[in-house]
Structure formats: C-alpha cells, structure tokens
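Biologist: I am new to this structure and would like a close look at one part of it, the sheet. Please take me through how its strands are put together, and tell me how far the model can be trusted there.

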Amino acid sequence: MIDAKDYTKDQIEENIDHFIDHNEKEMLSTCCGWSALGNLHNIEGTWIGLCSKCCDHCDFEEEE
Ligand SMILES: [Zn+2]
C-alpha cells in the first residue's frame, strides 16, 4: 500500500517544479524597474501601465 503522506509530499514536489517551469516573464517599468500596479495595456506594441514605485504612467518591458 502507498502511504498517503508520501504521495502528497511527492505531488507537492511536482507542483513546485511546475511552478518554476511556469515562471512567466515579469513586466517591469522602464522608469524604476518595478512591477506594474494593476493591468498593463498594449498600445501599438508598447506596454503601458502604472509603475508600482512612483505611481506614474510609463512603458513596461519584459524581463527575461
Ligand atoms: Zn517608476
């Protein structure tokens, strides 16, 4: 019989692996290099949003 505790632990480890693999590119503000405050809008190929540090509108770039 498989121990339920061991099975759960195995699944947790799998999920952690999945999380690392699924790490999405973060959008960072070009002014401060911080994440966006709220939603970003793509206007003619440029991501525009609110910087979470200076709370101003600015361009955002994908961080690889
Ligand atoms: Zn800023």
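Modeller: β3 and β4 pair in the antiparallel sense over four bridges, where two strands count as paired if DSSP finds at least two bridges between them, and where strands (E, at least two residues) and helices (H or I, at least four residues) are DSSP runs numbered from the N terminus. Within this pair, I48 stands opposite D59 in β4. The two strands form a hairpin with six residues between them, and C55 in the turn has a positive phi of about 55°. This is a predicted model, in which local features need pLDDT of at least 70 and side-chain atom pairs count only at pLDDT 80 or more, while totals for chains, interfaces and linings use all residues. Residues are numbered from 1 along each chain as its sequence is written.

On one side of this hairpin, β3 (residues 46–50) is joined to β2 by three bridges, and these strands also run antiparallel; here N42 has W47 of β3 as its bridge partner. On the other side, β4 (residues 57–63) pairs with β1 in the antiparallel sense over four bridges, and E26 has E63 of β4 as its bridge partner. In general, strands of a sheet pair through backbone hydrogen bonds, either parallel or antiparallel.

Taken together, the four strands form an open sheet in the order β1-β4-β3-β2, with antiparallel pairing. Its edge strands are β1 (26–29) and β2 (41–43), each of which pairs on one side only. From one strand to the next the twist averages 45°, with axes being lines fitted to C-alpha atoms, for helices over the stretch in contact, and angles running from 0 to 180 degrees between N-to-C directions.

Around the sheet, the chain holds one helix and four strands, and from the N terminus on its elements run α-β-β-β-β. Of the contacts in the chain with a separation of 6 or more, 31% are between residues 24 or more positions apart, a contact meaning that the C-beta atoms of two residues, placed from the backbone, lie within 7 Å.

As for trust, pLDDT is the predictor's confidence in each residue, from 0 to 100; its mean over the chain is 83, and 75% of the residues reach 70 or more. Confidence is highest in β3, at a mean of 96, and lowest in helix α1 (residues 4–21), at 68.
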